[in-house]
Amino acid sequence: MLTLTRQKPHVCEVCNKLFTKKCNLFNHMLLHTGEKPYVCEVCNKAFSQKGSLDRHMLIHTGETPYMCEVCYKSFRQKGHLNRHMLLHKGEKLHVCEVCNKSFSQKGTLNVHILIHTGEKPHVCEVCNKSFRQKGDLSMHMLIHSGKKPYMCEICKQSFRLKHDLNKHVLVHREQKPYMYQICNKSFSEKGNIKMQMLTDTGEKPHV
């Protein structure tokens, strides 16, 4: 114990945890005092640790510095990348005690368990319909709000669900409503007519 104390001479008076550097002890003490001296300049959210603020700032900057070497998907935090890598490795460490089905992520197991318990913790405040997953509730709320966030770029028709938009786009792939009068060619998008005109005239738009 004496050797350990020499290696880590700075002791927390609250929980007796040892630290090699005084600055590490100072940061640790903020957990006990509840102080949050590190404040985000964008949204004013405060943190007790500078590292937590640094990770938070990635939300505002949009940076995702941790990249998967298999599929090149990138993440803000290394822990998220580590969980993602389990998908590629095929490891499923989290096992359901009821049916023995296994999952690569604990969060997925937790959602699966709700099937056995019958719980639906996410409740619509408008009609009291309940859902197992928060994402399902969010999609359901679009019915009440009337929002249709997914818009077709061709005809500007909008849809509540991306799946419905994808099915709708297939219709346009077969339709070619824009006619180029000179050569009687038809196109699915209006911009393609202009490209055809440049081809016919021999113009080069980007010189």
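The following exercises, each with a worked solution, concern the predicted model shown above.

Residues are numbered from 1 along each chain as its sequence is written. In this predicted model, local features need pLDDT of at least 70 and side-chain atom pairs count only at pLDDT 80 or more, while totals for chains, interfaces and linings use all residues; side-chain values use heavy atoms, without hydrogens and water.

**Exercise 1. Describe the protein chain as a whole.**

Step 1. The secondary structure amounts to 8 helices and 14 strands, taken as DSSP runs (helices H or I, at least four residues; strands E, at least two) numbered from the N terminus.

Step 2. Of the 207 residues, 18% are buried; buried denotes under 20% relative accessible area, exposed over 50%, and partly exposed in between (1.4 Å probe, protein chains only).

Step 3. The chain exposes about 16000 Å², with carbon and sulfur atoms supplying 52% of that area, as computed by the Shrake-Rupley method with a 1.4 Å probe.

Step 4. Among contacts (heavy atoms within 4.5 Å) with a separation of 6 or more, 1% join residues 24 or more positions apart.

**Exercise 2. Test the length of helix α5 and characterise its surroundings.**

Step 1. The expected span is 1.5 Å times one less than the number of residues.

Step 2. Helix α5 has 12 residues (106-117) and should therefore span 16 Å; the 17 Å between its end C-alpha atoms agrees.

Step 3. The buried residues of α5 are Leu-109, His-112 and Leu-114, and their cover includes β7 (94-95) and β8 (102-103).

Step 4. After α5 comes Gly-118, with a positive phi near 80°.

**Exercise 3. Locate the salt bridge and describe its two partners.**

Step 1. The criterion is a side-chain nitrogen of Lys or Arg within 4 Å of a carboxyl oxygen of Asp or Glu. Side chains of opposite charge can pair when their charged atoms come close.

Step 2. The structure holds 1 salt bridge. Lys-50 pairs with Asp-54, their closest N and O atoms lying 3.5 Å apart.

Step 3. Because Lys-50 and Asp-54 are 4 residues apart in helix α3 (residues 50-61), about one helical turn separates them.

Step 4. Lys-50 is partly exposed at 47% relative accessible area, and Asp-54 is partly exposed at 40%.

**Exercise 4. Establish the environment of Lys-129.**

Step 1. Lys-129 lies in the loop between β9 (122-123) and β10 (130-131).

Step 2. Its relative accessible area of 46% makes Lys-129 partly exposed.

Step 3. Apart from neighbours within four places in sequence, Lys-129 contacts His-122, Val-123, Cys-124 and His-140.

Step 4. Lys-129 and His-140 are 11 residues apart along the chain, and their C-alpha atoms are separated by 9.1 Å.
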